[in-house]
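Take a walk through this fold, from the overall make-up to single residues. Keep the structure in view as you read.

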Amino acid sequence: MAPQIDFSRAQDTEDNKDNSETSASSAARSVNAHARFAGRFPAGTTQPIALAKNGPRHVRLDPNTSTQSEILSVGLACSECFSGPRLAKLLRPGFEYEMRAMEQLALGGYAPPLSIHTSGGVPEALNDFVEALEPHLPWRESPEDLDWCLSLQIEGASAVWAAVDMLLQVDIIETGDRHRKMVAVGAQSYHGPPATSFGARSPLWNKAYQVKYPVPTAGSPVDEELLLREFDAFLNKHGADVGVLLVEPQWGSSQAALPWPENLLKEYVRRAKLRGIRILCDEIMCGLGRHGKGTLFLSDAWDLDPDAVTFGKSVAGGGYPLSRAV
């Protein structure tokens, strides 16, 4: 039986005490509001309300019946690597920072920035993050021998766009070739909302900036020799136009979290590099240790030596959207 979440004991401030509502009772009356919400499902779809989380265990409220249930959120693209005391420890510095900002805002004085556009500067915590990331970069060279940079984005699709942009710029600078601007994407890939992101699906219009290459399919036998022949044929046809090969070392929801056969992916990468194609590993889903191989990035564990890697979701501890391209 799901634990019944009681929000009635939550303490409100004096300003809003008289107007407070419990989260549960508010959610139970939200069925009509769902008619105005279009996100992931068609507008009007009544969706369960997430009341509480404890790691992968979620307590949900059914707005139609006002009943609560507990689920195990396997495969829901969850953002947390940690939960409980570990997540609290991770989030506490940010929480205390926000509390200091709120106190100063209430006094009408200068407050630490809760957000800032890069045209106005960068947050103070940026240096700490870069220093923490540096020992875990997905390349075998020491950080001192690497020429690397970091791009900050809000969500995964933007990080992929940023990484593609960086790699194409590097290719133009190093080779002078402005022709190779196509991006090769897996035939079963997903890198963000299909209408506006790289990936296999194109629900609204043709994506003239990408071409699809053959990949293994979840639930079907993998014939590696056949796939390599098909990939060679793809390179023979499109290799001169492709600047970036975009791969997911371990797929997300589009392929039921299926990892690539390691040696097959290494061979794809090797053959693409021989054509002068840059390699981008999208680890939005599997990066930051969620692949189980003991390294921060799967591309590092498999020694793929990519030109760029994207990662996100759990990078902010599940507190807010955040992604990176490095």
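Of the 326 residues in the protein, 35% are buried. The model is a predicted one. Its secondary structure amounts to eight helices and ten strands. Look at contacts between residues at least 6 apart in sequence: 60% of them join residues at least 24 apart.

Start with the hairpin. Strand 1 (residues 49–54) pairs with strand 2 (residues 57–62) in the antiparallel sense, over five bridges. Two residues lie between the strands. One residue in the turn, glycine 55, has a positive phi of about 65°. Asparagine 54 faces arginine 57, which belongs to strand 2.

Now turn to the open sheet. Seven strands build it, in the order 4-10-9-8-7-5-6, and the pairing is mixed. Which strands stand at the edges? They are strand 4 (151–153) and strand 6 (210–213). Each has a single partner strand, so one side of each is left without a neighbour in the sheet. From one strand to the next, the twist averages 20°.

Strand 7 (residues 242–247) has partners on record here in both strand 8 and strand 5. With strand 8 (residues 278–282) the pairing is parallel and runs over four bridges. There, leucine 245 has isoleucine 279 of strand 8 as its bridge partner. With strand 5 the sense is again parallel, over four bridges. Here methionine 182 is matched by valine 242 of strand 7. How covered is strand 7? Six of its six residues are buried. In a regular strand, side chains alternate between the two faces of the sheet.

Helices pack on these strands. Helix 5 (residues 156–175) lies across strand 4, strand 5 (182–186), strand 7, strand 8, strand 9 (308–312) and strand 10 (323–325). Relative to strand 8, helix 5 runs at about 165°.

Strand 9 offers a close-up. Alanine 308 lies in this strand. Is alanine 308 buried or exposed? Its relative accessible area is 3%, so alanine 308 counts as buried, the cut-off being under 20%. What does alanine 308 touch, leaving aside residues up to four places away in sequence? Its contacts are Trp139, Ala163, Leu167, Ile279, Leu280, Cys281 and Val326. One of these, tryptophan 139, is 169 residues apart from alanine 308 along the chain, yet their C-alpha atoms are separated by 9.9 Å.

Helix 6 (residues 224–238) comes next. This helix has 15 residues and reaches 20 Å from its first C-alpha to its last. That is close to the 21 Å expected at 1.5 Å a residue. At its start, a side-chain oxygen of aspartate 223 comes to within 3.4 Å of the backbone nitrogen of glutamate 225.

Which residues of helix 6 are buried? They are Leu227, Leu228, Phe231, Phe234 and Leu235. Why do they share a side of helix 6? They cover an arc of only 115° around the axis, which puts them on the same side. Against what does this buried set pack? Its partners are strand 5, strand 6, strand 7 and helix 7 (262–274). The face turned away from the buried side carries the exposed residues Glu225, Arg229, Asn236 and Lys237. Glutamate 225 therefore appears twice in this helix: on the face turned away from the buried side, and, through its backbone nitrogen, at the start of helix 6.

Terms used:
Residues numbered from 1 in each chain as written. Predicted model: local features only at pLDDT ≥ 70, side-chain atom pairs only at ≥ 80, totals over all residues. Heavy atoms only, no water. Pairing = 2+ DSSP bridges. Axes fitted to C-alpha atoms, helices over the stretch in contact; angles between N-to-C directions. Contact = heavy atoms within 4.5 Å. Buried < 20%, exposed > 50% of the residue type's maximum accessible area, 1.4 Å probe, protein only. Expected span 1.5 Å × (residues − 1). Arc of directions from axis to C-beta. Polar contact = N/O pair within 3.5 Å; in protein donor to acceptor, adjacent residues only side chain to side chain.
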